[in-house]
Amino acid sequence: MSETKRKKGKAVLVVGGGAAGIRASLDLAEMGHKVYLCDRKPSLGGVLVHTDRWFPDNHCGMCKMLPIFSRDDKSQFCLRSGLVHPNIELLPMTEFDSVTGEAGDFTVTVKSAPAGVNPELCVGCGTCNSVCPVEVPDEFNEGLSQRKAIYLRTPWLPSNSYVIDWAACTKCGECVAHCPTKAINLSPQGSSKKISVGSIILSTGIEQFNTEAASQYGHGRYPNVLTSIELERLLSQSGPTEGVMLRPSDKKVPQSVAFLQCVGSRDMKRNYCSFACCMYALKEAMLIKKLYPQVEVEIFYMDMRVFGKGYHRYYEQAKAAGIKFTRCRVPLVKQDFQNGDLIITTAGEDNSLKQRRFNMLVLSVGQVPSPLFQVLADPGGLGIKLNQHGFCQTGEFTPVETSTPGVFVCGSASGPKNITDSMIGASAAAGKASHYAISVEWPENGGPSNGAGTDFEIDAPAKTAVLLCDCGNQISSIIDMEDLLDASRALPSVVYAERAPYLCMEDALASIRPKMDHHGANRVVLASCAPFLTRRLGASIDLDPSLIQVVNLREEVAWPNQENPVAATDKARALISMAVERLRLQQPAVMLHIAMNQSALVVGSGLAAMVAARTISDFGYEVHIVSREPELGGRARNIRTTLSGSDVPAFLEDLRRTLANNPDIHQYKGVEIATVEGHAGNFHVILTSTVADPSGKDLATSSLEVGSIVLAMGADELRPTEYLYGQNDKVITQTELEARLNTGDLGDVKSVAMVQCVGSRDEDRPYCGRICCAEALLNALRIKEANPHAEVVIFYRDMMSYGLMEADYKRAREKGVLFVRYDPERKPEVKAEGGKLRVTVRETALPRNDGNIVMEPDLLVLSVPLVPRDQTALAAILGLELTEDGFFKEAEVKFRPVDCVRDGIFICGLAHSPRGMAESITQAQAAGQRAASIMAKGRLMSGRTVSEVKARWCAGCQMCVDICPYNARVMDESEGVVMVLEALCQGCGTCVVSCPSGAAGLRGLSDKQIMSMVDAAL
Amino acid sequence: MSDNDNKEFEPTIIGYFCNWCTYAAADVAGSSRLQYPHNVRAIRVMCSGSVDPLYVLRALFSGADGVLIAGCRPGDCHYISGNYKERRRILVLKTILETLGMESDRVWLRWVGASESPKFAATMNEVTAAIKKLGPNPIGNAWAI
Ligand code: FES
């Protein structure tokens, strides 16, 4: 649809504030759209806030998805503490109710649960919590600990005020009586409001499988049977045991732990795989092993689905770490009532049944569709179509679109996903939704919420106001406020100091600036609390943020020192004088920006490249597609159909035509990238032709100026060296089989054998090909379709029919395709004898006499992985790194899966990792969105805290250039000194430390400031 | 400082806390009412990797009894690898201090993640107790001469 004809609304609504919802909201907000982000719960983060560490390196990295929209320390903090973005309006405890209108012009009614605690008045003191007489299981800790009926949803106070659990509340009124700010109302009304939006993103996530439906595992009855999320809580420092793994029955560290996979997935009722459980079980198992090396950990599984980037390596690490793996679906769990141990029946080495005993059992519970979908599917409402499993229906080529125009979907709402794929889908959905909403004006100062630009003469001597908050008596009952006032007044640059009972209340906030003006103050220290910093400060004080310092008197001084008022007062005094010193030496915040080239470069010729190019050009930017190949289409040209029966040639043709007919899309074929200079916003790219000019002259070169780069190069199918490939013409690859199926010249084959994992998941290529199992299933089904009597046997290691593909696996079995597992230690043996192939496979699943299956197939089909082309040269040109397997490294595996560490470069498709078609398309849309997004503002803004160079002292040694993780420092060859590209600098300050001559500094927190803070502290 | 002889020595420790993890943990520790010693005066820096060894030396020379640098757990650094860089720097700094005959165990480096408030409190206890044992920083006085 053309941009001009499309209706556009004022904002976008994102339903569901889990990781995907946050990502989509941030992406939209960064493109300049107003976003409403609603969630049923009082806090954001979905299932992620229950977990501390993630695969592959047991890290937390949620904050890495935050854009650097206003890089000063007052708007940046741990995402668990809350999300602040000037363009995002949070609607907590709010549900989608009904909708009218159409794409570009929806009116959505959202319903907010009755808020017993007014967030505007709640100061988070916790008095209510301490007087509340009701105790109920705490859902944050999965019921492993207790909480009150008035409580904090997560321990990260800054994000939320207290909320009331109406189901538990007895309305005794204790909290109302004690609340110092009269914030509580025990009979509030829920409210509903209408918001008008142009598009809607559903990121409603999933529900955790309810284990009551699998009572054979005894969860809920046997205390030592836990779900995987419960285990997360046990392993978390913010959990009920402070991170010590104590089993619930006797609070002892269990010596043996078993994981049961696929609980609530891959069964008769839920004919899909939950996608993420294998990896999170591996991660949890590894965590246990790391914390308690002596504990025996065993995982009982059906297939280890280690299909993603780096997953197989992780699996190998887990094996090396001593985690045991047993392939067996455990039917039943019993408890030894004497000691709480669990007894399970499993298959032993020799396939006999064996009873095994474990101290603790963990169920890897699956994902089930959110019940909200039933509401959303209502034809009177959004009317979105659901698939057979109850997830939102999407198309292979339209992976983030629902059946209702203007309504998009991401995360697990359209089928189980992991974090990485949810992030990818979120960016793609944001891109799509963005077309239906107008951009709001991007503020001149780069868009932080705080006040206007600086309106003081920054060079004028510092005149600081110190405002002390009593916080009712939370602070003043411990700290001697009068003493603090006197001490503050005595500080050199302080012009006035004052106490307030509550600094965060509307009227107190409103009076800050007028009073400052009255006293001629030009900086202010607010000695109050942590939520003040993260929640209230934003919109309230009309002052440049670099002129404000918040001292966290409550959480940092008063609360941890309740028994020690004298020391607390001492400490408070020191902290205030440190803050005053810091402000006294504050340098002006200069927000610099880089002009952007409003065009993008897409490298590659395959499907991902084409989709990325179209996505970017949909935003109206010029695109240059550069590829070595003479033609667009890549591997997709050989694909006729997919497991869901999509018409690939038609899609490809349409894509090709769209690209060819768009005058803003330029194609350069048979060329290569010679050099890339510059940085996000301004890349200078030189191309060389890969074909020599016929006139015998030098290779033709041309150059491009672009703002962002998308890498979408393809990969090639491995040429196998095993199983007589190349020696016997009955041995072919899946792609070759597909070609024969497409042309219909398969011939009269009565029996086909397929071998999976040929050349993958081994020493040479320790990664899973991800798509080969799908290919095998597809081809097997096509053979069966053509000739139902043909015998098809698939020899596999683990069937990677992850997610909704599980249904196809089942379909193949129903159609009579045989699946026989082989052990990688004993690969199938293939011999050619008298014109016949003979395949011998050691059977592992069932005890047999000789244990061997012998087959004489007419065709042996090898499932080989895609191998990345050698990208070492290109990676060096771009200044990027490759993974050990030769794929491009992303900035962060989970939270920034399409970004590169070097700003302005994005990756998708096979350049990133092997992916299925729908997955590649989603990723290409995501990369396209991200690439377009940085161009949307027209310029790249710098933050307030950025590094700088004192040119006089710079010796040009370039230590800082090497150490900067963001390529924000470059050598200015003409001057012989280093200069800073402020828009790329994230203000981490590591360059400052590396500089041997003191030329590097951090504006906003200089050496001088630190030193004088140190002095003030002592 | 007017330390009463019969009063227990209360050290002053300068803390450089990374904004993303350790500072978040400190907030949660406070709001969970965990009680921990008051001796650390925290300076919030964006990343542990921005803590110049000079800042540490300055604190010690100015009379701080100890210095604690705390940041995200290895791999968690918001700026990719600031904490790893810091680890190396502090290791070097400690050897230098030892070479100069100064007490390297006045300098502490710890990783405290955003959800590790108990560890935050434990770290405060641990560091304060250790510095108490070392007694007042002699450099502070020497410098004052
Ligand atoms: S951001 Fe925490 S250590 Fe770098």
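This report describes contacts, salt bridges and buried residues in a predicted model that includes chains A and B.

## Where chain B meets chain A

The contact between the two chains draws 54 residues from chain B and 60 residues from chain A. When the area buried between chain B and chain A is added up, it comes to about 5000 Å², and carbon and sulfur atoms give 57% of that area. Between chain B and chain A there are also 20 residue pairs in polar contact, counting pairs in which both residues have pLDDT 80 or more.

Several elements of chain B each supply at least two residues of the side that touches chain A, namely strand 1 (13–18), helix 1 (22–31), strand 2 (40–45), helix 2 (53–61), helix 3 (82–99) and helix 4 (117–134). Among the contributions to this side of chain B, the largest share is that of helix 1 of chain B, with 7 residues. Sorted by class, the side of chain B that touches chain A holds 28 nonpolar, 14 polar and 12 charged residues.

Charged residues also pair across this contact, since the count between chain B and chain A is 2 salt bridges. One of them joins B:Arg58 to A:Asp1015, and the closest N and O atoms of this pair are 2.7 Å apart.

## Salt bridges

Over all chains, the count comes to 73 salt bridges. The table lists four of the pairs, each with the distance between N and O atoms.

| Acidic residue | Basic residue | N to O distance |
|---|---|---|
| A:Glu884 | A:Arg313 | 3.5 Å |
| A:Glu717 | A:Arg719 | 3.5 Å |
| A:Asp899 | A:Arg896 | 3.1 Å |
| A:Asp1015 | B:Arg58 | 2.7 Å |

The salt bridge of A:Glu884 with A:Arg313, at 3.5 Å, can be followed along the chain. This pair links distant parts of chain A, because A:Glu884 lies in the loop between helix 19 (872–878) and strand 45 (905–907), A:Arg313 lies in helix 6 (residues 311–320), and the two are 571 residues apart. As for their surroundings, A:Glu884 counts as exposed because its relative accessibility is 67%, which is over the 50% cut-off. Its partner A:Arg313 is partly exposed, with a relative accessible area of 23%.

In the salt bridge between A:Glu717 and A:Arg719, the acidic residue A:Glu717 counts as buried at 15% relative accessibility, whereas A:Arg719 is partly exposed at 48%.

How buried or exposed are A:Asp899 and A:Arg896, the partners in another salt bridge? A:Asp899 counts as buried, with a relative accessibility of 2%, and A:Arg896 is buried as well, with a relative accessible area of 19%, because the cut-off for buried is under 20%. Elsewhere, salt bridges that share partners join A:Arg266, A:Asp303, A:Arg305, A:Arg327, A:Arg761, A:Asp798 and A:Glu806 into one network.

## Two buried polar residues

A:Gln923 is placed in helix 20 (residues 917–936) of chain A, and this residue is buried, with a relative accessible area of 0%. Leaving aside residues up to four places away in sequence, A:Gln923 touches A:Ile424, A:Pro897, A:Val898, A:Ile907, A:Cys908, A:Gly909, A:His912 and A:Arg915.

A:Ser605, by contrast with a helix position, is found in the loop between strand 28 (599–603) and helix 14 (607–618) of chain A, and at 6% relative accessibility A:Ser605 counts as buried. Which residues does A:Ser605 touch, not counting residues up to four places away in sequence? They are A:Met610, A:Ser627, A:Glu629, A:Glu631, A:Leu632, A:Gly633, A:Gly634 and A:Ala712. With one of these, A:Glu629, the side chain of A:Ser605 makes a polar contact to the side chain at 3.0 Å. The C-alpha atoms of A:Ser605 and A:Gln367 are separated by 36 Å, and these two residues stand 238 residues apart along the chain.

## Cysteines

A search of the whole structure finds 0 disulfides over all chains. For A:Cys63, the nearest cysteine sulfur is that of B:Cys21, which lies 6.3 Å away, and A:Cys63 is in no disulfide because the cut-off for such a pair is within 2.5 Å. A:Cys63 counts as buried at 11% relative accessibility, and B:Cys72 is also buried, with a relative accessible area of 3%.

Note on methods: Residues numbered from 1 in each chain as written. Chains lettered and ligands numbered in written order. Predicted model: local features only at pLDDT ≥ 70, side-chain atom pairs only at ≥ 80, totals over all residues. Heavy atoms only, no water. Salt bridge = Lys/Arg side-chain N within 4 Å of Asp/Glu carboxyl O. Helix = DSSP H or I, 4+ residues; strand = E, 2+ residues; numbered from the N terminus. Buried < 20%, exposed > 50% of the residue type's maximum accessible area, 1.4 Å probe, protein only. Contact = heavy atoms within 4.5 Å. Buried area = accessible area lost by both parts, 1.4 Å probe. Polar contact = N/O pair within 3.5 Å; in protein donor to acceptor, adjacent residues only side chain to side chain. Nonpolar A, V, L, I, M, F, W, Y, C, P; charged D, E, K, R; others polar.
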